[in-house]
Amino acid sequence: MPKKQNIQPIDKTELVWPNKRKEVERVELPFQTIETINLPRGTRQEELFGKGGQEGWKNRLIWGDNLLIMGSLLKEYAGKVNLIYIDPPFATGDDFSFTVNIGDPASAKASDGQASVEITKEPSVLEVKAYRDTWGKGMQSYLQMMYDRLVLMKELLADNGSIYVHLDCHVEQYVKVMMDEIFGRDNFVNEIIWAYTGPRKSGNYFPRKHDNILLYSKTDKCKFNPVYISHKSGLHNIGQVFSSEEEREEAVRELEAKGKQVEDWWIDIWATERYRSELVGYETQKPVALLERIIQSSSSEGDLVADFFAGSGTTGAAAEKLGRRWIMSDLGRFAIHTARKRLLDMSAKPFVVQNLGKYERHRWVQLNGRYKNYLKFILELYHAEPIEGFTNLHGKKDKAFVRIGAVDAPVTLSEIREALSECKENKIKSLAVLGWEWEMGLHDLVKEEAERYGVKLSTFQIPREVMELNVSDPKVKEDIHFYELAYLEVGPKTEGKRVAITLKDFIIPNPELLPEEVKDKVKNWSDFIDYWAVDWMFNQHEEQTEEDDTFHNMNQRYRTRKEPKLELAMDYEYKKSGKYNILVKVIDIFGNDTTKLVEVRVK
Ligand SMILES: C[S@@+](CC[C@H](N)C(=O)[O-])C[C@H]1O[C@@H](n2cnc3c(N)ncnc32)[C@H](O)[C@@H]1O
C-alpha cells in the first residue's frame, strides 16, 4: 500500500518578492496650505455641495509623495473615502514629460508663422531618477511601492467603498495577486478591459491596445450603479433572452430605450489623443469619459473621490462635473500646476493646494541621519566646500560664501542681515543664500540691503527634488541645478477704489541653464510666464491669522492650448478704503513660483 501523503490544503496564495515588507509605516504630518482658490462671490457652500452638511468643505490638491500624504490623511479620513481611482506609473518613464506653450500667438508668428510654440519638456535627470526609485530594483521595488500604498488606501476606503487600479499588461497579474492578499479574493469585483485603437508601428507582436483596470470593494457591501449606453455604440444585445413571443417585442423596445448595461470590456471610450479639446499636454493623461464612467458606477453625488497619482487631474475634473468631492495628490511639480490650471479653467468649486512642506523636510533629514550632515549634503550638491569658523556662513564656492537656510523654516530678512554683517566684518564681497522657502516680500528688500553692506547677494532655490536623491550617485549630483530666484516687477495703479496690476518685467537670472529648445523660442520676458495670480488682500482676509501665509488666489490669468495668449494686467475694486497688501504670484514655464508683494492705499 502506498504511504499516505501529508497534503496540506491550500488556503492561501501569496505573492512574494525579495525583502517583502508587510508592515507599512504610517507617518502623520500636518499639511501646509500653500494656496486657496476662493469661493466664487456670493456662492453659498450649500449650493456647492448640497444640503448634506459638508459645511466648509474644500477639495484638496496635494503636492508630495502619496505615502506620506495618505499616512497624514488617515487621522481625518480613515474609512471615509467612497471611491479611489489610481493610475500609477507604468514602466515607461513618460510620467514626467509634458508639453508647454511658449509665447503669445503674435510674437511667435513673427518668427516662424505658428500660432504659439509648443515644446516637449523631456524629463530631467532628477525626474528620471525619482522614477527609477520605483523601478530601480525592477519589479521588486515596484511591488513594494504598490503594496505600501494599497494598504493605506484600504484603510482610507469607506466600508461600502471601491478602488479602481489602472494597470497595463506588464504588471496587472502581479498587482491582482497582491490585491487579493490586501483586499481579500472575495472582494475582487471586476477586471475591466479598456480597449482602444490608434496608429502604432508594427513589430513582431500584436500591438498592445488595451489597459487593465482592477476593481475591488472593501467589503461585500459596495456601492454600484449600473451604467447603460446606447446600443448604437457598437455593443450588441447578445445573451439577452426573452421567454415568450409577446414579451419579446415589448422587452426589446424597453431594452432599446434603456440601452445596454456596460460590461467589463469598454470599447466605446477612445484613446486620450482623440479627445483633442481635453488635452493639457500631459503624456499619461486619461480621458474624462473613462473617469466619468468609473465615478458614476461606484459613487453618488456628494461622495468623496480620491486619486493619489493624479497627474493632470482627470479624476478631479470628472468628479467636479459629477458633483463629487475630491482629494488628489501628485509628486510632480508640473502635475500639480497642470491640474490647478485645468480645474480653474472649468470654474471648479473651491479647493486648496497643499503640501507637507517643512514637516516633510524635517522628517527627511531625521530619517536620513542628515541633521548632522544636512549642510554638508546641500553644499555638496551645490558644488561648494564646507568652511569652519563662521557663525552664519557654511561654505564657499569659487569666490562666493554660502549660507544655507534651515530645513524647516523660511529664510528671513533678519537671518540674511546677520550673514551680510558677518561678510562685511570679514571683507567678503559675495554671498549666496540657498533656501527652501522665503519670507514673503524678502526678495526686493534684501538686494537693497546687500548693497548697503557692499556685498553682492544672490538667492537660490533648493529644489524639492533634492529629497529624492541618493547622494552617493555622482551622476545625479552633476545634474542638479539650484536656480537663482527670478525677479518680478509689477506696476500697481490706483484710481479711487479700483487698483490695476500690470506685469512689467520678469527676469530669470540663469539664462545659461535654460534648455536650448527654450532659449531659441523665447522672444519676450513674458514668454517665460505660464500663469499668474493675485491675492488682493494678502494676510488681511477675515479667516487669516497672523502666522498664516496662505495665498488666496482671487484672480488669475494663464495660457492654455486653446488660448495661449497671456493678459498682463488685472484689476480689482475694493469695497472699503484703506491700506492693502497685494501679493502677485507668477508660475513660469518650468513650474517655479515667484512672488512679489506690493502695498497700495485706496481712498
Ligand atoms: C500615469 S500618471 C497619472 C495620469 C493621470 N491619470 C491623468 O489622467 O493625467 C502617474 C502619476 O503618478 C505620479 N506619481 C508617481 N509616484 C508618485 C508618488 N509616490 N506619489 C505621488 N504621485 C506619484 C507621477 O508624478 C504621475 O503624474
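**Ligand shell, nonpolar cores and two loop residues**

The shell around the ligand is made up of 6 nonpolar, 8 polar and 5 charged residues (Ala, Val, Leu, Ile, Met, Phe, Trp, Tyr, Cys and Pro count as nonpolar, Asp, Glu, Lys and Arg as charged, and the others, Gly among them, as polar). In total, 19 residues surround the ligand, and the closest are Asn-66, Phe-309, Gly-311, Ser-312 and Thr-314; a residue is near the ligand if its C-beta atom, placed from the backbone, lies within 6 Å of it. The model is predicted: local features need pLDDT of at least 70, side-chain atom pairs count only at pLDDT 80 or more, and totals for chains, interfaces and linings use all residues. Residues are numbered from 1 along each chain as its sequence is written.

Turning to the interior, the largest nonpolar core has 95 residues, with Ile-84, Val-165, Ala-306 and Val-584 making the most contacts inside it. Such a core is a set of buried Ala, Val, Leu, Ile, Met, Phe, Trp, Tyr and Cys residues joined through C-beta atoms within 7 Å, where buried means that 20 or more other C-beta atoms, placed from the backbone, lie within 10 Å of the residue's own. Domain 1 (32–89 + 135–227 + 262–325) and domain 4 (487–602) both give residues to this core, so it lies between them; the domain bounds come from an automatic or database domain assignment. Apart from it lies another core, of 30 residues, including Ala-384, Ile-404, Ile-416 and Leu-420.

Finally, two residues other than glycine have positive phi values: Ser-347, near 50°, and Lys-427, near 55°. Ser-347 is exposed, with 8 other C-beta atoms within 10 Å (exposed means 12 or fewer), and Lys-427 is likewise exposed, with 8.
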